[in-house]
Every structure is written in C-alpha cells, then in structure tokens.
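Dear colleague,

Please find the structure below. My notes on cavities and salt bridges follow it.

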Amino acid sequence: MAERFYITTPIYYVNDVPHIGHAYTTLACDVMARFMRLEGREVMFLTGTDEHGQKVEKAAAAAGDKPQVFVDRVSQNFRTLAARMKYTNDDFIRTTEPRHIKASQALWKAIAASGNIYLGSYEGWYSVRDEAFFAEDELVPGPGGKKRAPTGADVEWVKEPSYFFKLSAWQDRLLAFYEQNPGAVQPDSRRNEVVSFVAGGLRDLSISRTSFKWGIPVPDAPGHIMYVWLDALTNYLTAIGYPDTGSAMFQRYWPADVHVVGKDILRFHAVYWPAFLMAAGLEPPRRVFAHGWWTVEGEKMSKSLGNVVDPHAMVDRYGLDPVRYFLLREVPFGNDGDFSQAAMVHRINGDLANDLGNLAQRSLSMIQSYFAGVLPKPAHFSDSDRLLIEQAGMLHQSVAAAVERQALHDALAEVWKVVGDANRYVDSEKPWSVRKTDPVRAGTVLYVLAETVRNIAMLLQAFLPDSAARMLEQLGVPAAQRSLAQLGVRGQLVSGVQLPKPEPVFPRYVAEEKGAA
Ligand code: MSP
C-alpha cells in the first residue's frame, strides 16, 4: 500500500477577503501535496474556512448580514482563490458544517471524560482580532496609555462564566513530547520558542464563552459556546471522519504529517492542540511547521495602510507560475520576507526568463532547427556529458529531501544549480558551431540537454504546474509518464520522436507603464 501523507493549512477566518499571506500558506501546502502525489504517496490535503467566533460575528454585523449568510458568501472567496491558484486540496472544510459541529462536540466530550475540563469564571483580557486571551503581563503599552495585545490588537476586559481546560497539568507531558519528537515543531528556532514558553509554566485555558452566540454549543451546557480555537483546531480531525476513529479514513490519516501555519498561530497548534489531543486519547500531529510573514515594500500589510496584496491582481499581472515561484523562492520557508514589485520582476526576468526559460528554449530550438525537431540519438558520452546527466539525475534525491523538511526554497535552489550547470555546459559545448563539423556530437549535446531539462521539468511540476507541463509536452514526455518514479527510468526520452515546435514558456516581464516595475 502506498505511504500516506496528510497535510493541512490553517482554516482562514472569513472576516476578510483573502490576501497574499493566505495564498502563501496554502501554496506551500499545495507544493508539498503535489510533490508527494508525484512520489506515489496517497495524499490528503485539507484547507477550509474558520467561520465562528466573535470576530466573524462582528464582521457579519458590520456588513449588515446574519452570520450564516455572511460566512456563506465570504467562504466562497477562499474557494475561488484556491481554484485560481490551482491548489489541489482534496477537501474544503467549513466549521459551520454539520460534520464539524458533530466532531467538535465529540472532541469536547472526550476531553471532558478525561477529567480535563472544569467550570469556572474567566476574568481578564481578550483580543477579538487574535481570538485569544492575554494575561496582564503579556500586554504592551499602546497609544493613549491604552494596553494592547503583543500583536498590536486591541484588548477588552471580559468577565463571564466559562469552562476551563486544565492546561497547567500538561506542562511536563508537553515538554516530554517535544523532547522525544524533535521534529514535531519546526523550524528549530520556533521549537525553542515553544519549549521555553511551556517551560515557563502554563495557565488553564478558558474554552467556552457565554457573552455571545456565534459558535458551537458546548454539549449539555446551555448558554456556553466553544472557544473558537478549540472549534477551529478540530477541523483537522473532522475532515478525516472524527468521531469515527475506527473508520478507514481516520485510521489511515491520523496523526497528520504536517500542519503548516503562520508563526502568529504557532502556540495554538504546538501547545494547545497536542494537549487537547492527548487529553482526548489521540496522538498529536507529527509536525507543526511555522512559516514567516510577508511585508509589502518594507511595510506591514494592513487595510489601514491600503497596501494589502490581492493574489488575483498579482496573477493577472505576472501569471500564476511566476507568482508561485516568487513566493516560494524569494524567502527561506520559515523566515519573514518582503514582497516588492522590483524583487518580483527580478525573479521573473532573471531566474525564470533568462536562466530556465533560455535553457529550455535554446535547447529545444536547436533540436528544431538542426534536426527538424526530431530528438537526436546520443552517441559517445564525454566526461562533461556524463557529469551533467549525473547532476540532473541526483536532483530528485536532493529536491525530495528538501521538500521532506519543508525547505521549499532549498528545493528550488537545488534545481537552479543544475539550470546554471546546464547553461554553462551549452556555452562551453557550443552545439551551434560543433554541428557544422560534427553533427553527431551536436546531437549528443542536445540529447544531454533535453535529458537535463526533462529532469528539471519533472521536479518542477509540483512548484510550477503549468510551465512544467508545457516543458514536458515540448520534450514529448507523455502525461502518463510524469510521476517521479519515472525519473530514474532510462530512455524515457525517445530518440527519433518528433517534438512539437517549441514555444517560450517564461516570457520576460516588461513594465506596462513607467514606474510599474
Ligand atoms: N482562523 C485562524 C486559523 C485556525 S487554524 C485551526 C487564523 N486565520 S487567519 O485567516 O487569520 O490566518 C490564516 C493564515 O494566514 C495564518 O497561517 C497566518 O499566518 C497567515 N497570514 C496572514 N497574514 C500573513 C502575512 N502577512 N504573511 C504570511 N502569512 C500570513 O489565524
């Protein structure tokens, strides 16, 4: 049976339209999901929307809608974005669905049955924007002497009856869990933050609210709705059939292989979530990976600054694969990064058009003009031929290893090393001049180049799906032969096959107006 791979995005709050930060988390997951499918793994890739809580309730009121009408509308924006970005999610979960309400209530009951929930009263600070409780000593000074959450969000004083989760009792078990599973929270710097947070002591967590209505009712507790984070985290279980833990789907896919999250929501995933799960007798996820945040032209993205980057507008302007490439390549996955037009154009014209585009286009055009588009048969391989073929052949392993550790930028850097080697190889072998005196040798060089481009395109399928498919078509690689298991298969490129006329895959970006770039 194929190995399985369960990967999830955070579910997005529907208070807002999706921006490039949301597109980013799902993009990274999409690349990993596609890559694992190409590797022959059975993949479950989940995304969706987080539709309960005070923040969404307020946004609905501000829009003059009933919450359900509002969430139905805004959730659709995230599906539209997924289609536009060609995300290959296997399911799209919404927390207002009956399957999710059932799962959340079942998880609550399982945690309660373990003795980890008690009734009390919460009095303290709450940030609606973060949907999080804060202790006095966590607050920071804000304008006008007002205190704010460490995220900069406003806080309000809340006093209400509430159920609590005995998080304080989980400190040692959580620390033991991180110790025994060093890969469970990544990157390492984030893991260290989480460990020191837990080592500093944990307070019990308020997990129900009574001062508003928009949420999942707590079982057998009239007036209480679940804290939105407990509700939201449960989505990862709902989608694979919880509470039916005996189902084939649940058995196959839990625990998840990776929850990808932004650094801002790491604590919920790496501290609260494993504690909830362990309390309910379930295994914690194998890994939580936190990525960094994007700023725009050096500034924090915010509605008030008017600099929120709309992914649709980016795709309209630059094309889908260039946007995907930029987001994945510009910044090491895990670090913060800056989105700027100049950096975007630099990547498109440098890495894509000049380096990869040129390599593919000149190799294929030479086959077209010197050999009438018929893939030449290689003769004797020289040392330089063998070296390049070997480097291209080793790419699979290094790219797979990078994807395995969520180092998507490294995966691309590995590919581009070979792109650079191949371009240097063309320059030094000069097939355009060799062909005049030794057409057989020129044919061998072009075969080596075609084989190198094939390896590159095969490995890029997960990252640049449209462009890689076009490159493989131009190389005559049939769609049925594009799984990565085929990479090691010799003779996949069939000498003597008529190749289609090559078309450039990566156009240069030319600014439409002065200053646009
Ligand atoms: N609803 C919660 C998640 C619940 S998961 C059980 C939530 N939603 S969110 O819509 O606010 O954020 C979703 C994701 O978008 C987070 O991973 C967050 O880090 C990411 N981003 C939001 N703005 C971002 C940037 N400017 N840059 C990169 N990612 C950003 O939190």
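The largest cavity holds about 70 Å³ of space. Bear in mind that this is a predicted model. In total, the structure has two cavities of 30 Å³ or more.

Which residues line the largest cavity? From the N-terminal side come Tyr-12, His-22, Ala-23, Thr-26, Thr-47 and Gly-48, among others. Phe-78, Leu-81, Ala-82, Tyr-87 and Phe-92 are also part of the lining. Three elements give at least two lining residues each: α1 (20–38), β3 (42–50) and α3 (67–84). By class, seven of the lining residues are nonpolar and four are polar. None is charged.

The second largest cavity has about 40 Å³ of space. Its lining includes Gly-357, Ala-360, Gln-361 and Leu-364. Met-471 and Gln-474 belong to it as well. So do Glu-503, Pro-504, Val-505 and Phe-506. Helices α13 (341–371) and α18 (465–474) each provide at least two of these residues. The largest share, four residues, is from α13. Here the classes are six nonpolar, three polar and one charged.

Now the salt bridges. How many are there in the whole structure? The search finds 32. Three are worth a look on your screen.

Start with Arg-73 and Asp-65. Their closest N and O atoms are 2.7 Å apart. Are these two residues buried or exposed? Arg-73 counts as partly exposed, because its relative accessibility is 44%. Asp-65 also counts as partly exposed, at 22% relative accessibility. The cut-off for buried is under 20%.

Next, Arg-329 and Asp-351 form a salt bridge, with 3.5 Å from N to O. This pair links distant parts of the chain. Arg-329 sits in helix α12 (residues 320–329) and Asp-351 in helix α13, 22 residues apart. Both residues are buried.

Asp-351 has a further partner in Arg-347, and the closest N and O atoms of that salt bridge are 2.7 Å apart. Arg-347 and Asp-351 are four residues apart in helix α13, so about one helical turn separates them. Arg-347 is buried, like Asp-351. Through shared partners, salt bridges join Arg-329, Glu-330, Arg-347 and Asp-351 into one network.

Helix α13 therefore turns up twice in these notes: Arg-347 and Asp-351 lie in α13, and α13 gives four residues to the lining of the second largest cavity.

Best wishes

Key. Residues numbered from 1 in each chain as written. Predicted model: local features only at pLDDT ≥ 70, side-chain atom pairs only at ≥ 80, totals over all residues. Heavy atoms only, no water. 1 Å grid on protein atoms, 1.4 Å probe; cavity = no way out; pocket = protein on both sides within 12 Å on 5 of 7 lines; lining within 4 Å. Points joined across faces, edges and corners; volume = space filled by probe spheres on them. Nonpolar A, V, L, I, M, F, W, Y, C, P; charged D, E, K, R; others polar. Salt bridge = Lys/Arg side-chain N within 4 Å of Asp/Glu carboxyl O. Buried < 20%, exposed > 50% of the residue type's maximum accessible area, 1.4 Å probe, protein only.
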